[in-house]
Amino acid sequence: MNSITARSSTLTQLHRACHLTPRGKSIVALSARRSQAVGRGREEPGTSVHMRRGVTVAGLGHHSMAPAELVKRNVPATTTRKGVAGRTHAAAAAGDSEVCSKLEGTEAIVKVMPYVATSLLGAFLFGYHVGIVNGALQFLAADIGIATNTFLQGLVVSMTLAGAFLGAVVGGSMNDAYGRCRSFQLSSVPLVVGGLMCAFANTANFMIVGRLLCGLGIGLTSCVVPVYISEVAPTAVRGALGSFNQLCICVGIFAALLAGLPLANNPSWWRQMFMMSVVPAGLLGVLAAIIPESPRWLYKQGDKAGAVAAAKRLWGGYDDSDLGADEEGGGQGGDVSWPKVLSGSNLKLVSIGFFLFMLQQMTGVNAVVYFSSSVFREAGVVNDVAASAAVALVNVLATVLSGSVIDKLGRKPLMTGSLIGMAVSMLTLAAAMTVPALAPVKGLLCVVMTMTYIGSFGFGMGPIPSLLVSEILPNSLRGKGASVAMMSHWGFNFLIGQAFLEANRIFGVASIYAFFASVCLMTIVFVQTQVVETKGKTLEEIQKAMLNK
């Protein structure tokens, strides 16, 4: 009888300590008993500080003790709620009086989506500034007096790539030193100033400096956007949310195309096109001051209280792994120096990101886009805007499709299928340009294969490399590692763009397309042998798998 009474008293005390919300999520009041079992925000082994519906207190059938004695012995508890994994901690380090369970499913996506959307303004500006001069170049060249100077026109185009490379060089260190949100704010400054300079430019020098600043801004944001998304996105939808980065780049290019439609009737409209870019750039700077900082970056800086507060804003609760605490050394210790980034096992991880982006550029996407207008003209489509719109639209739709299945099918299958489609498209394009028997259907075949190539790229090789780089790098390397990857992206983008026309003169476009096809096939081998599947894994699990590969 005494044993039954003690058990009943114990269950009553534990029930009073747990206040259940109407929806079944738990909010556990911190009490004197809990404070005995919890020290500095961490449970002792076996201690439960997180009660839910369906909680079973293990071992009650074998204990006959007072409630205080039961707590002192740290009787473990297990939860039956599906989908809750890891150790959910009270935010004692922040001095909080309660801890909430993490949101799940649609609730989790809705909670984090406004913060992801804010970061995606950087991706949108990336695409917008890359695409803005395609339709506007001849008009702005006439206005600023360089209509006959192809060298200066080339600088107006390429200076953005040069600025983006410089942004990528310093972006990693900035990301590590100042955090993701402050980096967004800093990157918005050259985007706003550069956009205004371009809009009011009356000389080539003024325009070139403005384009350089815009490039610097998008180079900085290209280092921060995928990192921030990977660190704040719930594991189950990290792939889908990560693919939004490429999607918004495509949307930015498409928006620049649409923004240029009035140019036909208003040749000075290009100034308004640059002015439009100032609005999202300014919003990025303002909203970055409001959204929560990455909990992982805060924890790495030793600010656990701030990390806990940010985690609660993002997810409603947190596990140790959400802060990077499961990494070697507890995920803390500040920034890693460049010599350490480029040595040992760190070099292996960073080099994978470097080669992924190098191979992405060497598969020929920019060459296909460059020649798309001439391909469409040969097929009877003489409207360059319509041709560019078709290419951009296919890219957007393919990226949307990729985002909808990436967390179900995985990263490696999508990249492999993407590269196979790209290789087949390139080989068919090469054949269409050289095989006499295909001459009657050459135009149609080139259009279909160009669209197939762009769709295949958007399905895998477009969105996934930036996602993978952010996933495979540990907390201590993510900033600088992303910087190395984006240096590869912008550097090879520039080099291939400069070399393509000369290579086309020497070897012919068919030979170049055959070369691009061979790169696609080599990239499949690289992906299969050097990259691990990251679908459904925590960032820590991914990094351990990479180091063991």
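How much area does the protein chain expose, and what share of it do carbon and sulfur atoms supply? The protein chain exposes about 22600 Å², with carbon and sulfur atoms supplying 65% of it. Keep in mind that this is a predicted model.

**Figure 1. The whole chain, before we zoom in.** The protein chain has 20 helices and six strands. Of its 549 residues, 52% are buried. Take the contacts between residues at least 6 apart in sequence: 80% of them join residues at least 24 apart. Nine salt bridges turn up in the structure, and a few of them get their own views below.

**Figure 2. A network of salt bridges built from Arg238, Asp407, Arg411 and Glu471.** These four residues are linked through salt bridges. Let's start with Glu471, which forms a salt bridge with Arg238, their closest N and O atoms being 2.8 Å apart. Glu471 sits in helix H17 (residues 464–472) and Arg238 in helix H7 (residues 238–259), so this pair ties together parts that are 233 residues apart in sequence. Glu471 also forms a salt bridge with Arg411, and here the closest N and O atoms are 2.6 Å apart. That second pair links distant parts of the chain too, with Glu471 in helix H17 and Arg411 in helix H15 (residues 411–434), 60 residues apart. Are these partners buried or exposed? Glu471 is buried, with a relative accessible area of 0%. Arg411 counts as buried because its relative accessibility is 0%, and Arg238 counts as buried at 1%.

**Figure 3. Arg180 and Glu231, a salt bridge between helices H5 and H6.** The two side chains meet at 2.9 Å, N to O. Since Arg180 lies in helix H5 and Glu231 in helix H6 (residues 204–232), the pair ties together parts that are 51 residues apart in sequence. Both Arg180 and Glu231 are buried. As a reminder, side chains of opposite charge can pair when their charged atoms come close.

**Figure 4. Thr538, in the loop between H19 and H20.** Thr538 is found in the loop that runs between H19 and helix H20 (539–548). Which residues does Thr538 touch, once those up to four places away in sequence are set aside? They are Thr235 and Arg238; Arg238 is also part of the network in Figure 2. Thr538 and Thr235 are 303 residues apart along the chain, yet their C-alpha atoms are separated by 6.2 Å. With 23% relative accessibility, Thr538 counts as partly exposed.

**Figure 5. The largest nonpolar core, seen around Trp490.** This core has 106 residues, and Trp490 and Tyr513 are the ones that touch the most other members. Helix H19 (residues 509–530) gives the most to this core, at 11 residues. Leaving out neighbours within four places in sequence, Trp490 is in contact with a list of residues that includes Phe126, Val130, Leu161, Ala164, Phe165 and Ala168. Ile218, Gly219 and Ser222 are also among the contacts of Trp490. Another core, of 25 residues, lies apart from the largest one, and Leu140, Ala201, Cys214 and Met273 are among its residues. In soluble globular proteins, nonpolar side chains tend to be buried together.

**Figure 6. Two spots on helix H5, Thr160 and Val169.** Thr160 has its place in helix H5, and Val169 is found in helix H5 (residues 150–199) as well. Thr160 is buried, with a relative accessible area of 2%. Setting aside residues up to four places away in sequence, Thr160 touches Arg211, Gly215 and Ile218. Val169 counts as partly exposed at 33% relative accessibility. Together with Phe165, Leu166 and Val170, Val169 makes a nonpolar surface patch of about 300 Å². Phe165 has already come up, as one of the contacts of Trp490.

**Figure 7. Helix H10, checked against its expected span.** Why does the distance between the ends of H10 agree with expectation? At 1.5 Å a residue, the 12 residues of helix H10 (residues 304–315) should span 16 Å, and the end C-alpha atoms are indeed 16 Å apart. Buried residues in H10 include Lys304, Gly306, Ala307 and Val308. Ala310, Ala311, Leu314 and Trp315 are buried in H10 as well. Just after H10 comes Gly316, which takes a positive phi of about 85 degrees.

Notes:
Residues are numbered from 1 along each chain as its sequence is written. This is a predicted model: local features need pLDDT of at least 70, side-chain atom pairs count only at pLDDT 80 or more; totals for chains, interfaces and linings use all residues. Side-chain values use heavy atoms; hydrogens and water are left out. Helices (H or I, at least four residues) and strands (E, at least two) are DSSP runs, numbered from the N terminus. The expected span of a helix is 1.5 Å times one less than its number of residues. Buried means under 20% relative accessible area, exposed over 50%, partly exposed in between (1.4 Å probe, protein chains only). Patches are made of residues with over 30% relative accessible area and no salt bridge: like charges are joined within 9 Å, nonpolar side chains (Val, Leu, Ile, Met, Phe, Trp, Tyr) within 5 Å. Accessible areas come from the Shrake-Rupley method with a 1.4 Å probe; for residues, only the protein chains shown count as cover. A nonpolar core is a set of buried Ala, Val, Leu, Ile, Met, Phe, Trp, Tyr and Cys residues joined through side-chain atoms within 4.5 Å. Contact means heavy atoms within 4.5 Å.
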